[in-house]
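I am opening a notebook page on this structure and will set down, entry by entry, what I looked up.

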Amino acid sequence: MGEWKFPNEGCLEKPNKMYYHTMTKKDVEERLKVNDIIIIPVGSTENHGNAGPMGEDTFIVTRIAEMVAAKTGCTIASPLWYGSHPFHHIGQPGTVPLPDDVFSAMIRAIISGYWNTGFRKQIFISMHGQEYIIPSAIQEWGKKYQVPALILFVDLPRVMGQTLMDKEHGGPFETPFQHADEAETSISLALFPEFCDMENAEDTTIKGYLPAGHVDSGGDIYGYPIPGHCQVGNVGIECITAPEGVLGKATKADPNKAKACIERACDYLFKLHNDILSVFPPGKLPDAKLISQRDPEEIEALLKGPTKGGKHIYTIAWPS
């Protein structure tokens with residue numbers, strides 16, 4: 001896949017036309033002719049202890065997206081800085097959770113807006129663990145609109161797999177992956193050390209009530225029967241059990257330990273991007289006859305768009 005060099009300086013405000021919010025209408029029109037894939041980074045704002053920034057989950061996905069976009073020429077959407085959170089996160093100072101219905105509506109609205117613009121191949125990426133709500137939002141969007149599109153969600157911990165695990169399971173880390181711990185802080189140090197403060201890193205010990213092997217933790221990478229988001233009550237709420245905002249050993253973080261998992265994520269997104277364009281070159285989409293029973297004339301009008309003699313997507317419904 002090629003070498004990935006990091007840390008890199010973030011591009012959120014750079015005039016290199018990598019991010020959608022830095023582009024003009026003409027820039028967008030020209031980009032769509034050669035690459036109509038958009039990566040949508042989904043992060044969160046939450047307590048990551050004294051070593052990691054509140055926007056850690058967002059910076060992880062934006063820095064990874066930037067490396068991929070630099071090699072592929074695709075576009076990156078403005079990131080979502082706020083996200084959904086499981087029950088045990090609620091009440092933690094520093095964490096700003098969105099209600100799931102609000103978050104789902106945001107995802108559906110974002111899909112609609114970019115589809116209407118012409119970015120009809122969308123890749124959502126997250127490191128935050130919102131794997132219970134983003135797929136649901138995508139499915140609800142598909143059921144409502146039923147138009148040709150390719151909307152995908154990549155849960156980065158799932159891609160990283162063993163490279164995110166502890167040594168006992170063949171990975172590079174001393175401790176199992178959790179939240180703001182050795183692994184996540186290592187990733188942060190590798191991607192954006194300027195936002196980290198290892199002098200004040202903290203360690204905690206968090207255990208569930210049930211014996212190990214039942215409920216997964218941290219990205220559900222161990223394959224236990226019950227994913228971390230599929231329980232309430234096996235762990236205490238973090239504002240009481242881990243007011244530090246850390247679940248694990250942040251002091252053990254080392255950017256070198258995170259090299260393999262970051263590279264694996266970039267490799268996969270690079271391959272996914274190229275595979276999409278090989279099957280669906282710019283302007284091409286899945287056959288409407290195979291994925292929708294809307295009237296062909298309506299589909300054709302929607303694909304043309306409102307400024308080229310067709311219709312905008314909101315003539316179907318408002319994404320609320």
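Before sorting any side chain I fixed the terms: a residue is exposed when its relative accessible area is over 50%, buried when that area is under 20%, and partly exposed in between. I also noted that I am working from a predicted model.

**Entry 1. Salt bridges within helices**

I searched the whole structure for salt bridges and found 14; I followed up some of them.

I began with Lys 25 and Glu 29, whose side chains meet in a salt bridge at 3.3 Å, N to O. Both belong to helix α1 (residues 25-34), and because they are four residues apart there, about one helical turn separates them. Lys 25 has a relative accessibility of 64%, so I entered Lys 25 as exposed, the cut-off being over 50%. Glu 29, at 41%, went down as partly exposed.

I then looked up Glu 140, which forms a salt bridge with Lys 143, and the closest N and O atoms of this pair are 3.5 Å apart. The two residues sit in helix α4 (residues 134-145) with a spacing of three residues, about one turn of the helix. Glu 140 is partly exposed at 37% relative accessibility, whereas Lys 143, at 53%, counts as exposed.

The next pair I checked was Asp 275 and Lys 271, with a salt bridge of 2.6 Å between their side chains, N to O. They are four residues apart in helix α8 (residues 259-279), about one turn of the helix. I found Asp 275 partly exposed at 35%, and Lys 271 is partly exposed as well, at 42%.

**Entry 2. The surroundings of Trp 115**

Is Trp 115 buried or exposed? I found a relative accessible area of 0%, so Trp 115 is buried. The residue is part of helix α3 (residues 100-117).

I next asked which residues Trp 115 is in contact with once its neighbours within four places in sequence are left aside. The list I wrote down is Arg 120, Gln 122, Trp 141, Val 147, Pro 148, Ala 149, Leu 302, Leu 303 and Ile 313. For Pro 148 I have a further detail, since the side chain of Trp 115 reaches the backbone oxygen of Pro 148 at 2.8 Å. I also took the C-alpha to C-alpha distance from Trp 115 to Tyr 268, which is 24 Å, with their positions 153 residues apart in sequence.

**Entry 3. Backbone geometry**

As a reminder to myself, most residues other than glycine have a negative phi, and most peptide bonds are trans. Against that background I noted three places.

The peptide bond from Phe 6 to Pro 7 is cis, and its omega is near 5°; Pro 7 lies in the segment before α1.

Gln 146 has a positive phi, near 50°, though the residue is not a glycine. I located Gln 146 in the loop between α4 and β4 (150-155), where it is partly exposed with a relative accessible area of 33%.

Ala 180, also not a glycine, has a positive phi near 55°, and its place is the loop between α5 (156-160) and α6 (182-191). At 0% relative accessibility, Ala 180 counts as buried.

**Entry 4. The cavity**

How many cavities of 30 Å³ or more does the structure hold? I found one, and the space in the largest cavity is about 30 Å³. Its lining consists of Phe 6, Pro 7, Asn 8, Arg 63, Glu 66, Met 67 and Leu 191, so that Phe 6 and Pro 7, the two residues joined by the cis peptide bond, are both in this lining. Helix α2 (residues 56-72) supplies the largest share of the lining, three residues. By class I recorded four nonpolar, one polar and two charged residues.

**Entry 5. The pockets**

The largest pocket holds about 1000 Å³ of space. It is lined by 49 residues, and those closest to its centre are Phe 177, Gln 178, Asp 216, Ser 217 and Gly 218. I sorted the lining into 15 nonpolar, 22 polar and twelve charged residues.

The second largest pocket has a volume of about 730 Å³. Of its 25 lining residues, I noted Leu 32, Thr 117, Gly 118, Arg 120 and Lys 308 as the closest to the centre. The elements giving two or more residues to this lining are α1, α3 and α10 (296-304), and α1 gives the most, with five residues. By class, the lining of the second largest pocket divides into nine nonpolar, six polar and ten charged residues.

Methods:
Residues are numbered from 1 along each chain as its sequence is written. This is a predicted model: local features need pLDDT of at least 70, side-chain atom pairs count only at pLDDT 80 or more; totals for chains, interfaces and linings use all residues. Side-chain values use heavy atoms; hydrogens and water are left out. On a 1 Å grid over the protein atoms alone, a cavity is a set of points where a 1.4 Å probe fits but cannot get out, and a pocket is an open set with protein on both sides within 12 Å along at least five of seven lines; lining residues have an atom within 4 Å of a point. Grid points are joined across faces, edges and corners, and a volume is the space filled by probe spheres set on the points. Ala, Val, Leu, Ile, Met, Phe, Trp, Tyr, Cys and Pro count as nonpolar, Asp, Glu, Lys and Arg as charged, and the others, Gly among them, as polar. Buried means under 20% relative accessible area, exposed over 50%, partly exposed in between (1.4 Å probe, protein chains only). Contact means heavy atoms within 4.5 Å. A polar contact is a pair of N or O atoms within 3.5 Å; within protein, one must be able to donate a hydrogen and the other to accept it, and residues adjacent in sequence count only if both atoms are side-chain atoms. A salt bridge is a side-chain nitrogen of Lys or Arg within 4 Å of a carboxyl oxygen of Asp or Glu.
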